[in-house]
Amino acid sequence: MQLVESGGGLVQPGGSLRLACSASDRTFNDHTIGWFRQASGKEREGLSCILSADLTLYADSVKGRFTVSRDNAKNTVYLQMNSLKPEDTATYYCAAVHGYYNCRDAVPNGGYGMDYWGRGTLVTVSS
């Protein structure tokens with residue numbers, strides 16, 4: 001399955017961006033989608049998972065600021081990012097795996113265990 005992220009760019013501190021993760025694969029909606037990021041010189045960090053509106057989770061670093069959602073009709077998962085900080089600057093990746101708990105376990109482990117990955121989209125938070 002090929003995942004494609006979009007929506008990255010340059011934003012000022014305190015601003016917002018919405019990232020999207022899309023795939024044309026018919027099974028996309030059957031997968032749990034995770035969001036991860038990697039800043040320059042740092043390890044990859046897990047941020048969030050979504051299987052459905054009732055099955056989501058967030059890392060403490062983004063809880064309350066980021067919101068994940070999905071539109072199954074569009075085969076797209078979104079990551080709404082608010083109150084952005086310079087330390088949010090990173091390349092953001094979406095990844096897919098069967099099973100919500102596989103994503104839940106991957107988030108604290110930098111994405112280990114996720115099956116499919118996009119190429120990433122760069123988010124830069126700077127004034």
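**Strand 7, two faces.** I started with strand 7 of this predicted model. Its covered face carries Phe66, Val68 and Arg70, while Thr67, Ser69 and Asp71 sit on the uncovered one. I kept the usual rule in mind here: side chains in a regular strand alternate between the two faces of the sheet.

**Its partner.** Next I looked up what strand 7 pairs with. Strand 8, residues 76–81, runs antiparallel to strand 7, and six bridges join the two. I noted two pairs along the way: Phe66 has Met81 as its bridge partner, and Arg70 stands opposite Val77.

**The turn.** Strands 7 and 8 make a hairpin, with four residues between them. I checked the backbone there and found that Asn75, in the turn, has a positive phi of about 50 degrees.

**The whole sheet.** Which order do the strands take? I read 1-3-8-7 for this open sheet of four strands, with antiparallel pairing. Strand 1 (4–6) and strand 7 (66–71) are the edges, each pairing on one side only. On average, neighbouring strands of this sheet are turned by 20 degrees against each other, direction ignored.

**Over to Leu51.** Arg70 led me to Leu51, since I found Arg70 listed among its contacts. Leu51 belongs to strand 5, residues 45–52. Is Leu51 buried or partly exposed? Its relative accessibility is 26%, so Leu51 counts as partly exposed. Beyond its neighbours within four places in sequence, Leu51 also touches Asp30, His31, Thr32 and Tyr100. Last, I looked at Ala96: Leu51 and Ala96 are 45 residues apart in sequence, and their C-alpha atoms are 9.9 Å apart in space.

Conventions. Residues numbered from 1 in each chain as written. Predicted model: local features only at pLDDT ≥ 70, side-chain atom pairs only at ≥ 80, totals over all residues. Heavy atoms only, no water. Pairing = 2+ DSSP bridges. Axes fitted to C-alpha atoms, helices over the stretch in contact; angles between N-to-C directions. Buried < 20%, exposed > 50% of the residue type's maximum accessible area, 1.4 Å probe, protein only. Contact = heavy atoms within 4.5 Å.
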